[in-house]
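Student: Could you go through this structure with me? I would like to move from strand pairing to the helices and then to the ligand.

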Amino acid sequence: MTHTTPYILPSLLAADWSKVAAEVKRAEDVGVEVLHLDVMDGAFVDNISFGPQMVQTVRKCTSMYLDVHLMIHRPDHYLERFLQAGADNITIHVEARYDTSVVETLRRIRAAGKHAGLALHPDTPFEAAIPYAQEIDLLLIMTVVPGFGGQPFMEKETMPKLAAARDYRDAHGLKYNLEVDGGIYIHTAPIAKAHGANAFVCGTSFYGREDTAAAMAGLTQCVS
Ligand SMILES: O=C(CO)[C@@H](O)[C@H](O)COP(=O)(O)O
Ligand SMILES: [Fe+2]
């Protein structure tokens, strides 16, 4: 992923898990390049989704770039399993508990030849990411409280932070992608784009639609 290119990232959380392989193909068939996988541990967030085995299953079905969003405590403890499972980008939360540290975990991801992402909860200010700005390939600005799909976009709470993240990046000659996640639809994606986002996670607005070709076309057009 490059920060000057817009990407639509369907989130598998909103897919029909009774036919995961077909759902992955449904995205690939309409030109999706990057798939977003939400890992939730029931502790860092109030929901449980799936773990490395699902990432491995998806990896077997596709060569799409896999963007793995870890909403878990101790991401450093579980990191190796997600690397082995075939993730291309691994995003960790700055608010999570670590056995080691955020920076050590980001460095391990890059040392494995993968891309490293850092995520900020809506309540966490951009300043929390500054110490890691040189260590990341992607900054994920959560636009809903992490844990569930289908929630409304928190524009007022998150757009000033997204713009600050863009301005800081550009002022310092950095190149991290800016991803938004939660409540992204054709009416909210352009707002996020105007504030600096180039990667748009779309759960309900992609997998919730029967016509995913139309969904992809509409979402792509509104951020191009
Ligand atoms: O990380 C998360 C939720 O915590 C997301 O990736 C959701 O899966 C987005 O779903 P929609 O808001 O697009 O339905
Ligand atoms: Fe996510």
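Student: Which residue in strand 7 stands opposite I141?
Tutor: In this model, which is a predicted one, I141 stands opposite V180 in strand 7. That strand covers residues 177-181, and five bridges join it to strand 6, the two running parallel.

Student: And what lies between them along the chain, in the unit that strand 6 and strand 7 make?
Tutor: Helix 5, residues 155-171, is the helical part, and together with strand 6 and strand 7 it makes a right-handed β-α-β unit.

Student: Is strand 6 itself buried or exposed?
Tutor: Strand 6, residues 138-142, is largely enclosed by the rest of the structure, because five of its five residues are buried. L138, L140 and M142 point one way from the strand, L139 and I141 point the other way, and all of these are buried.

Student: What does strand 6 do on the strand 5 side, and which residue is the partner of L120?
Tutor: Strand 5 and strand 6 run parallel and are joined by four bridges, and the bridge partner of L120 in strand 6 is I141.

Student: Let's step to strand 4. How many of its residues are buried?
Tutor: Five of the five residues of strand 4, which spans 89-93, are buried, so this strand too is largely enclosed by the rest of the structure. Its two faces are both covered, with N89, T91 and H93 buried on one side and I90 and I92 buried on the other.

Student: Which residues pair with I90 in strand 3 and strand 5?
Tutor: V68 stands opposite I90, and in strand 5 the bridge partner of I90 is A116. Strand 3 and strand 4 pair in the parallel sense over three bridges, while strand 4 and strand 5 (residues 115-120) run parallel and are joined by five bridges. The chain goes from strand 4 through helix 4, residues 102-111, to strand 5, and this β-α-β crossover is right-handed.

Student: Can we look at T91 for a moment, and what does it touch?
Tutor: T91 lies in strand 4 and counts as buried because 27 other C-beta atoms lie within 10 Å, where 20 or more are needed. Leaving aside residues up to four places away in sequence, T91 touches V68, H69, L70, G117, L118, A119, L138 and L140.

Student: And how far is T91 from A112?
Tutor: The two are 21 residues apart in sequence and 14 Å apart in space, taken from C-alpha to C-alpha.

Student: Helices next. Which residues of helix 3 are buried?
Tutor: P75, D76, L79, F82 and A85 are buried in helix 3. Seen down the helix axis, these buried residues fall within an arc of 135°, so they line one face of helix 3. They pack against helix 2, strand 3, strand 4 and helix 4.

Student: What sort of phi does G86 take just after helix 3?
Tutor: G86 takes a positive phi of about 110°. As for the wider setting, helix 3 (residues 75-85) makes a right-handed β-α-β unit with strand 3 and strand 4.

Student: What about helix 2, where do its buried residues sit?
Tutor: The buried residues of helix 2, which runs over 52-61, are P52, V55 and V58. Viewed down the axis of helix 2, they fall within an arc of 120°, so they line one face of the helix. The face turned away from that buried side carries the exposed residues Q53 and K60, whereas the buried residues pack against helix 1 (20-28), strand 2, strand 3 and helix 3.

Student: So how does strand 2 fit in, and which residue in strand 3 is the partner of L35?
Tutor: Strand 2 runs parallel to strand 3 and is joined to that strand by seven bridges, with L66 as the bridge partner of L35. Strand 2, helix 2 and strand 3 make a right-handed β-α-β unit. Strand 2 is mostly covered, with seven of its seven residues buried.

Student: Last topic, how many residues surround ligand 1?
Tutor: There are 23 residues around ligand 1, and the closest are S11, L13, G149, G203 and T204. The elements giving two or more residues to this shell are strand 2 (34-40), strand 3 (65-71), strand 8 (199-202) and helix 7 (204-207).

Student: And what is the make-up of the shell by class?
Tutor: The shell around ligand 1 has nine nonpolar, 12 polar and two charged residues.

Terms used:
Residues numbered from 1 in each chain as written. Chains lettered and ligands numbered in written order. Predicted model: local features only at pLDDT ≥ 70, side-chain atom pairs only at ≥ 80, totals over all residues. Near = placed C-beta within 6 Å. Nonpolar A, V, L, I, M, F, W, Y, C, P; charged D, E, K, R; others polar. Buried ≥ 20, exposed ≤ 12 C-beta atoms within 10 Å, placed from the backbone. Pairing = 2+ DSSP bridges. Right-handed = clockwise from strand over helix to strand, strands pointing away. Arc of directions from axis to C-beta. Contact = placed C-beta atoms within 7 Å.
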